[in-house]
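Hi,

Here is the structure I promised to pass on. Have a look at it first, and my notes follow underneath.

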Amino acid sequence: MSDKKINEDINYMKNKKNIIISILLIVVFFISASVYLLYNYAKGFSFQNNKNYERAIIYYKKIDFIIKTAKEKECYYQRAIELRNEKDFDNSILYFEKSNNYNDSQEQIKETKYQQALYNYNIGNFEKSKELFKTIQEYKDTLAYLSNNEIMINIQGIWQKKNDSSNWIYEITGWKLNVYSDMSIGKYIIENKHFYRLPGNMTIQINNNEICIVLDSKKSIRFLNYDKNKNIITDDLGTFVKQPTYKIKEIKEPSIGMTKSEVENSTWGKPEKINRTETIYGIREQWCYSRYRYIYFENGIVTSIQD
């Protein structure tokens with residue numbers, strides 16, 4: 001056999017070997033890729049079925065460069081609904097956006113904003129509620145809530161009854177209404193006067209464009225009218241004018257360990273009479289109040305209270 005023929009046979013065998021090796025490498029690659037794909041898909045699918053959407057997304061992302069799967073979008077969508085149910089509204093909207101228009105995600109974003117606005121409305125965060133409702137003005141009954149928000153924003157604050165010797169004060173914070181009356185032993189200070197806060201759980205409600213004051217879970221209801229132009233509110237007690245500069249300060253009951261100054265600024269205030277005794281141990285004082293109430297001091301510190 002000639003040298004030429006031998007060389008051709010050798011080259012042929014080499015080429016055949018290289019082809020076989022290449023085919024084997026391709027087969028190994030596809031088997032490995034298939035195993036990788038199937039493993040991550042199966043793990044993602046398992047986590048998704050167990051409603052662990054965050055973990056499912058991690059595994060689906062690993063195979064996204066091989067196959068564009070709708071499963072990842074579906075997980076974002078499902079997790080968004082879950083977050084909305086947990087009242088994590090901002091992240092819910094973010095996940096709906098990440099679902100990249102999966103299913104009705106755009107409509108779900110509107111619904112999430114609506115629920116977030118309604119949640120803030122119900123807890124008395126009217127400014128935030130208004131801000132959110134304004135982004136979806138044509139959705140459901142948003143316009144009605146916007147109107148209610150505007151009213152509630154305007155009536156927040158402190159109101160004083162007009163031309164009233166008893167100095168009735170309304171304080172509206174969120175949905176809560178506190179009512180104060182001028183009394184010498186009250187534990188609240190308003191414009192340097194002592195006020196007593198009336199007991200009972202009073203709240204504001206809006207029904208069919210009517211503002212109501214509700215006492216103790218609808219045991220008693222009376223109507224409240226708000227005049228935006230005059231900036232006054234009126235009910236069966238009379239007319240109240242807004243006092244934007246008023247502050248309400250709660251003062252403490254006298255207690256052991258207080259100083260004289262702290263007692264004077266407490267609900268008992270200054271005494272009617274002071275009995276003072278000086279001993280080798282220091283100075284003792286008895287502060288006398290009406291209705292046979294007494295506070296005892298040793299060296300300027302309260303040691304006992306008789307009520």
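Let me start with Arg293, which makes contact with Trp268, Trp287, Cys288, Gln306 and Asp307, not counting its neighbours within four places in sequence. Bear in mind that this is a predicted model. Arg293 belongs to strand 14, which covers residues 293-298. What caught my eye is that Arg293 is buried but has no salt bridge. The nearest side chain of opposite charge is that of Asp307, at 4.8 Å. A salt bridge would need a side-chain nitrogen of Arg within 4 Å of a carboxyl oxygen, so you may want to look at that pair yourself.

Next, the strands around strand 5 (residues 193-197). Strand 3, residues 176-182, runs antiparallel to strand 5, and three bridges join them. Asp182 has Phe195 of strand 5 as its bridge partner. Strand 4, residues 188-190, also pairs with strand 5 in the antiparallel sense, over three bridges. Here Ile189 is partnered with His194 in strand 5. Strands 4 and 5 form a hairpin with two residues between the strands, and Glu191 takes a positive phi near 50° there.

Last, helix 6, which spans residues 126-133. Its buried residues are Phe126, Ser129, Leu132 and Phe133. Looking down the axis of helix 6, these buried residues fall within an arc of 125°, so they line one face of the helix. And what do the buried residues of helix 6 pack against? They pack against helix 5 (105-122) and helix 7 (142-155).

Cheers

Notes: Residues numbered from 1 in each chain as written. Predicted model: local features only at pLDDT ≥ 70, side-chain atom pairs only at ≥ 80, totals over all residues. Heavy atoms only, no water. Buried < 20%, exposed > 50% of the residue type's maximum accessible area, 1.4 Å probe, protein only. Helix = DSSP H or I, 4+ residues; strand = E, 2+ residues; numbered from the N terminus. Arc of directions from axis to C-beta. Contact = heavy atoms within 4.5 Å. Lys, Arg positive; Asp, Glu negative; His and termini not counted. Pairing = 2+ DSSP bridges.
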